[in-house]
Amino acid sequence: MILAGAPARFGWGHLARMKLVCSALWQIGHRCSLQEYPGTPSKADMLLLDARDEDFPPWANSLRRASIDNRGRARREAPAFDALPHPAMLPAEWKRALRHSLLPFHKCTGSDKGRLRVSPKRYVFFARRKTQPQYIEWLRKQTVVNSYFGQAMLESLCLGKKVQLHSISRYHGQLARWFVPRYNSLALKRFYLDGRGAKRLAEKIAELLTSESSLDSILP
């Protein structure tokens, strides 16, 4: 089962991308259920946590566990997968995280055209929730996307958009300034951001379900 950060506290990104992982697991023959963090006790072979840097809930201590994009205690307690680059990563690690990007597209036809810049301007983001089809339709129509470091940034780059990253917090600003020059300097961006990250990550999770190997052998 998967625990995703509740939208009221964590925003909609965690739940949306965990739906992609859950769907990808079903497609390769693994049943998957999805709950909002911290969830309730459930019989499962494994629990996958995607709620920023939160801890595993106590009721899950008896389960096989793993986390996604967690930089807290959960990362030290169980195998960790990454689908978003982070400054603590070595080049090979953040490039691998890009290969696991969880995107609602089967193919990223515009990855090599997408460009990032850090905007010096202040920008106010209004939390007007769209359905996934509405959001994708809106995103496809944009030429320039104003966003901040995170899921929408990767989705926009996948579609070949010019993306201006704004600092909605000091932390987001640091992430943007770290990532922008590194992404823009990548050759063959379509190799790293190709739209198949959810399938790729689901396959790694499936390996963890059936393997007693160390994390290093599971995550090449």
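This is a short talk on the nonpolar cores and the five-stranded sheet of one predicted model.

Hi everyone, and thanks for having me. Please keep in mind throughout that we are looking at a prediction.

Let me start with the sheet. It is open, has five strands, and reads β2-β1-β3-β4-β5 with parallel pairing. Which strands stand at the edges? Those are β2, residues 34–36, and β5, residues 80–81; each has a single partner strand, so one side of each has no neighbour in the sheet. Further in, β1 (residues 2–4) pairs with β3 (residues 46–50) through three parallel bridges. If you'd like one spot to click on, L3 has L49 in β3 as its bridge partner.

Now, what lies across these strands? Helix α2, residues 13–27, lies across β1, β2, β3 and β4, and runs at about 165 degrees to β1. Helix α9, residues 197–210, lies across β3, β4 and β5, at about 160 degrees to β4.

On to the cores. In soluble globular proteins, nonpolar side chains tend to be buried together. Here, the largest nonpolar core has 30 residues, and L98, L116, M153, F179 and Y183 have the most contacts inside it. Two or more residues each come from α4, α5, α6, β8 and α7, with α7 giving the largest share, six residues.

Let's zoom in on M153. Leaving aside residues up to four places away in sequence, M153 touches L116, S147, Y148, V163, L165 and F179.

Finally, there is a second, separate core of 21 residues, with V21, L25, F81 and A202 among them.

That's my tour, and I'm happy to take questions!

Key. Residues numbered from 1 in each chain as written. Predicted model: local features only at pLDDT ≥ 70, side-chain atom pairs only at ≥ 80, totals over all residues. Heavy atoms only, no water. Core = buried A, V, L, I, M, F, W, Y, C linked by side-chain atoms within 4.5 Å. Buried < 20%, exposed > 50% of the residue type's maximum accessible area, 1.4 Å probe, protein only. Helix = DSSP H or I, 4+ residues; strand = E, 2+ residues; numbered from the N terminus. Contact = heavy atoms within 4.5 Å. Pairing = 2+ DSSP bridges. Axes fitted to C-alpha atoms, helices over the stretch in contact; angles between N-to-C directions.
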